[in-house]
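Q: I'd like to learn how to read a multi-chain model feature by feature. Can we walk through one together?
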Protein chains: 4
Amino acid sequence: MNWNQNKAENVHIAYIGGGSRGWAWGLMSDLASAEDMSGTVYLYDIDLKAAKNNEIIGNRIRDVEGAKSVWEYKAVETIGEALCGADFVVISILPGTFDEMESDVHTPEKYGIYQSVGDTSGPGGIIRAMRTIPMMEVIAKAVQEYCPNAWVINYTNPMTVCVRALYKTFPQIKAFGCCHEVFGTQKVLQEMLKNECGIEATRDEIKVNVVGVNHFTWLTKAQYRNTDLFPLYKAYAEKYRETGVPRAHEGNWVSSSDYFGCLEKVKFDLFLRYGAIAAAGDRHLAEFCPGDWYLKDPETVADWKFALTPVSWRKEDLKNRLARSQRLVSGEETFKINNTGEEGVNQMRALLGLGDLVTNVNLPNMGQIPNLPLEAVVETNAAFRADSVQPVMAGALPEAILPLVGRVAAEQEVIVSGCMNRDKEEVFRAFVSDPLVRLPLNEIRAMFEEMIEKTRSYLTEYERA
Amino acid sequence: MNWNQNKAENVHIAYIGGGSRGWAWGLMSDLASAEDMSGTVYLYDIDLKAAKNNEIIGNRIRDVEGAKSVWEYKAVETIGEALCGADFVVISILPGTFDEMESDVHTPEKYGIYQSVGDTSGPGGIIRAMRTIPMMEVIAKAVQEYCPNAWVINYTNPMTVCVRALYKTFPQIKAFGCCHEVFGTQKVLQEMLKNECGIEATRDEIKVNVVGVNHFTWLTKAQYRNTDLFPLYKAYAEKYRETGVPRAHEGNWVSSSDYFGCLEKVKFDLFLRYGAIAAAGDRHLAEFCPGDWYLKDPETVADWKFALTPVSWRKEDLKNRLARSQRLVSGEETFKINNTGEEGVNQMRALLGLGDLVTNVNLPNMGQIPNLPLEAVVETNAAFRADSVQPVMAGALPEAILPLVGRVAAEQEVIVSGCMNRDKEEVFRAFVSDPLVRLPLNEIRAMFEEMIEKTRSYLTEYERA
Amino acid sequence: MNWNQNKAENVHIAYIGGGSRGWAWGLMSDLASAEDMSGTVYLYDIDLKAAKNNEIIGNRIRDVEGAKSVWEYKAVETIGEALCGADFVVISILPGTFDEMESDVHTPEKYGIYQSVGDTSGPGGIIRAMRTIPMMEVIAKAVQEYCPNAWVINYTNPMTVCVRALYKTFPQIKAFGCCHEVFGTQKVLQEMLKNECGIEATRDEIKVNVVGVNHFTWLTKAQYRNTDLFPLYKAYAEKYRETGVPRAHEGNWVSSSDYFGCLEKVKFDLFLRYGAIAAAGDRHLAEFCPGDWYLKDPETVADWKFALTPVSWRKEDLKNRLARSQRLVSGEETFKINNTGEEGVNQMRALLGLGDLVTNVNLPNMGQIPNLPLEAVVETNAAFRADSVQPVMAGALPEAILPLVGRVAAEQEVIVSGCMNRDKEEVFRAFVSDPLVRLPLNEIRAMFEEMIEKTRSYLTEYERA
Amino acid sequence: MNWNQNKAENVHIAYIGGGSRGWAWGLMSDLASAEDMSGTVYLYDIDLKAAKNNEIIGNRIRDVEGAKSVWEYKAVETIGEALCGADFVVISILPGTFDEMESDVHTPEKYGIYQSVGDTSGPGGIIRAMRTIPMMEVIAKAVQEYCPNAWVINYTNPMTVCVRALYKTFPQIKAFGCCHEVFGTQKVLQEMLKNECGIEATRDEIKVNVVGVNHFTWLTKAQYRNTDLFPLYKAYAEKYRETGVPRAHEGNWVSSSDYFGCLEKVKFDLFLRYGAIAAAGDRHLAEFCPGDWYLKDPETVADWKFALTPVSWRKEDLKNRLARSQRLVSGEETFKINNTGEEGVNQMRALLGLGDLVTNVNLPNMGQIPNLPLEAVVETNAAFRADSVQPVMAGALPEAILPLVGRVAAEQEVIVSGCMNRDKEEVFRAFVSDPLVRLPLNEIRAMFEEMIEKTRSYLTEYERA
């Protein structure tokens, strides 16, 4: 890239998973809105056709209403072509297909184990990690080879283990992981301020201290100007602990299906147990707690007013997105530039020197959370400035929460180590400890082997051992 | 004390809980066998009569066969009389009576929660901690006032939180906690060496690296001369995982009832899950694991071939010991000097400069286990030398075990903090997280309040809040 | 304070040392320029008359050209009146008079020891710490009593030990220390960019990573947009190592005398030795290095092109400032609103929620510099947001610099401990190690006692020992 | 090796530097005295002839009076022959010849810098490190290849950086470094007990807590039975601070020349400055302090009553030892078995399971000294047991000493890193900071280059850069 007065030009972004019909379109929209940047986005995907479609879609955007900058999109055939010379690398991949995810999420149901998401933790998250981590190693090595100074932004789940694998593979990598679940919780606080106090605040005005691991993140401070939001939240949690927040059970922060929504009852229960604000959707939070708390069976889930997201829904949704892709490619539908509310582009701007930013990211623990293991990937706020991302000292996890989150961080270290060693038995040691997996050892073994068998084509590297 | 050539004379030992009819007699026996020490043991007990009886019993021992040194026993009416000028302080108390313990252990059964011991962790251990910690504070303050340089040896449970409370109250205290569960595990290894290899080794020749928290301690190395015992143990665990060790279901290392025995199946299951040797009796180990693993219900316990120790048995046993005390006082029965296998007296000898010793103790973590929290009380080996106990660097808990043990250490920090603050709600935050307590929040609250109500007379200091 | 739309009103600032004729006027100027804040500044000073004069001066400013907000100034007779209800506390005091400082700086010259500033480190800094720390304890206790939630901004030297004493006295204090020496170094980089590359950048655009202790701070990264400034700086240091920067030897960043200027030769020498940018004026840097490097004798100092600031100059300068104060009070001179370049007011704005800010401050080490001792006060960047200051993870000091800076941090811990214990001998253990004090033990003792004797009236509390 | 009842037979020891005419003979003597061990010692040396001579000498010892066990000695031509199958590896080499050492010690004298030993720290120690570390890397790699489970005992100086290089090269190495300087200090305490109190204690009865880095080690506790030796030592230091200990200026603990002795004046001065006992010979201690304290010039050294050991003496002494070697080989002189007082053989016995031992060693810091950097090599006590060496938690360096020792540890990390990277400039960054090197940068550079030039044949690997 180069500077032209106060504008960063010829910015080179490599998008790994560039055939995506979700995140990629969001990024395109946000880039088009950034008037002080322009450049090229190289789209790399194992599904080249999908990348080519996004090339077509992307190159039309400059002409859409609201486009403030010009970006060129190029689908490329190799990861090297995408990365060579990159300033930024975006990783947003699906590890395997929804068939593998179907096994991750639903095979455990045979054994009486229910998962609301199944992509982060629990048996599904662990098997997904086995597929994903080797892919992250490939990407990290390619970054090391082609663009060692690029900033790498990961959106792929399981977030924690992905970022950890990037750093273990190439320790000098300048990578971080982004997730919007904390934003969603800021919005819950916004909603509270409005409903209970009649105050209209922007999300950005809700200043929070973020501490934890991705999808099991906690707020230990939430402040609006000179108002401490904790006493308000306590009253709010007590008021709605039984009923949940009185809103239509309408989609949460990402998608628009009932399968993603929640009425914050899990969040409130956790607050009443521990005194801090759990900062992710209830579907994610539930998966980090002992299985009999919120995920015992579908009835329990219904009582808690969140949902088990079936993979069948994801498959159906994909069809709709494919159809939309066709319409965008053919020109039948016109791309609309909307602010996604994601911060990826603002993070890039800050890294270019176009305005400091403090926001939450996933990074190896250098001490920003003193009572979690060093190097484990944790989620806290960080200061983004020119060519620099530095986590702020988030402080220790509250004593009462440490047993829960510390356990998660420790388990994820075992998962990463096991996967990078391609050592099934090491991974199994995490699997037997997972709080959703509460079975006798022989049943755990049976479930583990069945899940591996069903996703075998992605796990051939583990067969050596 | 003073030195007379190579003998330590006028050693002053204060025994808090000096009316004990178990540990006290064992100490008397071991002291009588130590030919290079002599002195006075001051017996302090809230049951003065019991202490007086032990004075009579103790003062007879010097004339018994096998007595190699002379010790004087004196029951005293105040803790100050016992402590003033002490070289050593032994703490071995029962916090409350067996009525309170009955509530600790059996009230949770109403809620479907079973405990095999109920004095360390789980709901029973936590409520017991609430009673015990204020007593430890009293003792620590008295030590600070009367004998700040004395070495303080604690045998009281819950060990971890007792030792932590001593140090939090008087940070310069020279205290440590002793427990024989690791010795029991060394004996399992001795038995294995004999059964499987025909080798007769002494317990002391089985060198182990100890790492963990009391009653949930792990061995990461076990060596007999140049033989690494881990491969042997792995085969042993696999051989007997279903049946348990083929021995009569006869008492374990302390007592002689079926209620204390186990066939090591839990130990073997944990080895097969995690690859390290859990080093305590199965009854203790089970209580640190999620409740549905080994303690789901009495049938599960029976399958795992250990036992739920009913407090009714302890009450019956106490009657027998009281009767024996009467016989010893009256002279009807003669005291027998036996080596108890405990190490308290050898530890005292080492502290006096009578021979270095390396053995396991409970001490605040100064880094001997780098991946557990600093200051939390942990169990490792330590070097005992003249006026010095220094833990050895035990090394990190294995990654796969960290999620389990780290959770325990973190929970116990919350318990100690809550108890020292006399803050029921803070204690409750540990209570809701305990892996044996897996109930909805309102049921946990009901159980917690019922357990407190039933032991109310010992918990009046918590009522302020 | 309270909010009125987007403006913070009734902000209460307590100024300790409110009779100041330097910093206080600067703050007045910056406050007058802040259009989104207004309120009252309570001026407390042991010299009440001086505070009263500043009340008069301050209350006139609202009518001066450029005043964008109204602030009321009130001189008060007790610290409690100043602090009660404060939102912010500013500490800017002179510990003792310039007579004491004259002894600090010039007594060591009798022993062959030269100091360029004498207020931070070295014999002068240590004796000054002995005077200052007890004052900081008084202030911290008053903050605890009157305004425990206020934000406390310290400008007093020795900065590191002052901030440490505030936290040791009242651990929950929300205090930080501000210093402009890093800004001065950013300006050196600005000047370099302009001279060597013809680029005009603002100070704020020079993004630096700050790591070290106050006045011996280092930059491990300096970035302007996408330009890494280190290679440039290396060439610059080599180019001007002998001559210094070719500029008139005109004052440095604060004052306007030859006694404060430098031509950066020390800074360049340190860069060529260690490869990182020392970020303070050369007068300060020199005092942390072994005495024979830059401060051997006045000739050596002249060679290095910085200056020994005589206290006689400070006394003369004070006279001028007093005269100016009289003119401002009498109305003979009109106050001018100028941007001082200090960040105190912007920090306050960020703490009120009026815009996030990342800048350098002095705070206890929570791990932001992993290889300096925890709790020692260190200087790094921090994120300022609503009611929150969180240091960013600055990363480890470079290996080659650690021996120097680690030594300083360790020495300052001894100083603070010794002063807070009012233990002269403990302070003396730091004194004998200071790199400027290179004398036989008996001479060190003589100098130490002489310096204490000469400032005795401020050190009576140390006489007990 | 194998066990035959209670005896360890066929123990295989590899001696790297097996042509040694000092340490090797001591080891031979101690091995001959150990009745519960026997085996073979493989002697490897770049001077094969010297090793062959030692083979002859060693094989005669079994017949000498006092020999209690039979050891076979074999000179071998390759390091692989020595290491293959080894249980223990002893490293005791001279890096280069005394010609190189002559440059290390005496070249700096041209620049006004005096060194009393010149093999550990200071300019001589640093250049010696440059020669030695590459040799340690070769040895560590050979251990990894031929005997990864062997215990490796290093005696070579500079101790700290040697052990660090072994671990950095092969992190799983089971290595430690042994040094007798602490024993010497225990003997000073023995002597004190005898002279001042009339008590005869053995060295082993003086229990000390060791904390620091090799040759700059400190005792923070010294206990004889129930006597704290610190108050005695304080009086002793004050009594003899001027005169030194009233003993003939006769050799210290190793050799028998005036060039090795001292009257403990440096030790006493350091105690009076810092309140802890410096535990090495004064010649070593002086080299870690700022150069103008004890090593300013030969007169200063004479005042402090220790000596600058000239390398010419070492050359002369070598001649004598060569002559003695000839007499031992020819049979003209008979080998005498004497207890050397070294602990190497007892350490081996403990590692074999023949008796636990607590003694001081040099090992990477795992937290045994919490305020020194992790992984830096430090000296503390450790527990030796079967196949295990575990440092005891020595505790933090006293605050007043931390600035001195922390600086050393940090400097040595730079040296090791620079040498292992073969990066002269990185080494130079340590060189410029060394407290003996107090010169302007250009003179430091000249001295550094001259010292390298004079020892160039051993430093060819550094020429690449």
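Q: Let's start small: which backbone oxygen does the side chain of B:Gln115 reach?
A: This is a predicted model, so keep that in mind throughout. The side chain of B:Gln115 reaches the backbone oxygen of B:Val105, at 3.4 Å. The other partner to look at is B:Gly124, whose backbone nitrogen lies 2.8 Å from a polar atom of the B:Gln115 side chain.

Q: Where does B:Gln115 lie in chain B, and is B:Gln115 buried or exposed?
A: Look for the loop between α4 (98-110) and α5 (122-146) of chain B; B:Gln115 lies there. Anything under 20% relative accessible area counts as buried. B:Gln115 has 1%, so this loop residue is buried.

Q: Which residues does B:Gln115 touch, leaving aside those up to four places away in sequence?
A: Among them are B:Asp104, B:Val105 and B:Pro108, then B:Pro123, B:Gly124 and B:Gly125. The list also includes B:Glu287, B:Leu295, B:Leu308 and B:Leu436.

Q: How would I read a loop residue with another accessibility, say C:Asn421?
A: Take the percentage and see which class it falls in. C:Asn421 has 45% relative accessibility, so it counts as partly exposed. C:Asn421 is found in the loop between α15 (402-420) and α16 (424-431) of chain C. For a sense of distance, C:Asn421 and C:Val89 are 332 residues apart in sequence and 26 Å apart in space, C-alpha to C-alpha.

Q: Now a helix: which residues of α16 in chain D are buried?
A: With a helix, list the buried residues, then ask what covers them. In α16 (residues 424-431) of chain D, the buried ones are D:Glu426, D:Val427, D:Phe428, D:Ala430 and D:Phe431. Their cover includes α5 (122-146), α15 (402-420) and α17 (441-454) of chain D.

Q: What does D:Asp423 reach at the start of α16(D)?
A: A side-chain oxygen of D:Asp423 comes to within 3.0 Å of the backbone nitrogen of D:Glu425.

Q: Zooming out, how many helices and strands does chain A have?
A: Chain A has 17 helices and 14 strands. To judge overall shape, set the radius of gyration against the globule rule: chain A has 21 Å, close to the 23 Å given for 465 residues, so it is as compact as a globular protein of that length. Its C-alpha atoms fill a box of roughly 60 × 60 × 45 Å along the principal axes. In chain A, 66% of the 465 residues count as buried. Of the chain A contacts with a separation of 6 or more, 71% are between residues 24 or more positions apart.

Q: On to the interfaces. What area do chain B and chain A bury between them?
A: The size of an interface is often given as the accessible area lost when the parts come together. Chain B and chain A bury about 2400 Å² between them, with 56% of it on carbon and sulfur atoms. Within the area that chain B buries against chain A, B:Arg273, B:Arg429 and B:Leu441 supply 25%, more than any other three residues. The contact itself involves 29 residues of chain B and 29 residues of chain A.

Q: How many salt bridges cross between chain B and chain A?
A: There are 2 salt bridges. B:Asp292 forms a salt bridge with A:Arg438, with the closest N and O atoms 3.0 Å apart. As for polar contacts between chain B and chain A, the count is 11 residue pairs. On the side of chain B that touches chain A, α15(B) gives the most, with 9 residues. By class, that side has 15 nonpolar, 3 polar and 11 charged residues.

Q: And what do chain C and chain A bury between them?
A: Read this one in the same order. Chain C and chain A bury about 2600 Å², 53% of it on carbon and sulfur atoms. The contact takes 29 residues from chain C and 29 residues from chain A. There are 4 salt bridges between chain C and chain A, and C:Asp387 meets A:Lys221 in a salt bridge at 2.9 Å, N to O. The polar contacts come to 18 residue pairs.

Q: Which elements of chain C supply at least two residues each to the side that touches chain A?
A: They are the strands β8 (206-213), β9 (216-224), β13 (377-385) and β14 (388-391) of chain C. The residues on that side divide into 13 nonpolar, 10 polar and 6 charged.

Q: Which chains do not touch?
A: Chain B and chain C do not touch, and their nearest C-alpha atoms are 13 Å apart. Likewise, no contact joins chain A and chain D, whose closest C-alpha atoms lie 13 Å apart.

Note on methods
Residues numbered from 1 in each chain as written. Chains lettered and ligands numbered in written order. Predicted model: local features only at pLDDT ≥ 70, side-chain atom pairs only at ≥ 80, totals over all residues. Heavy atoms only, no water. Contact = heavy atoms within 4.5 Å. Buried area = accessible area lost by both parts, 1.4 Å probe. Salt bridge = Lys/Arg side-chain N within 4 Å of Asp/Glu carboxyl O. Polar contact = N/O pair within 3.5 Å; in protein donor to acceptor, adjacent residues only side chain to side chain. Helix = DSSP H or I, 4+ residues; strand = E, 2+ residues; numbered from the N terminus. Nonpolar A, V, L, I, M, F, W, Y, C, P; charged D, E, K, R; others polar. Rg over C-alpha atoms; globule rule 2.2 N^0.38 Å. Buried < 20%, exposed > 50% of the residue type's maximum accessible area, 1.4 Å probe, protein only.
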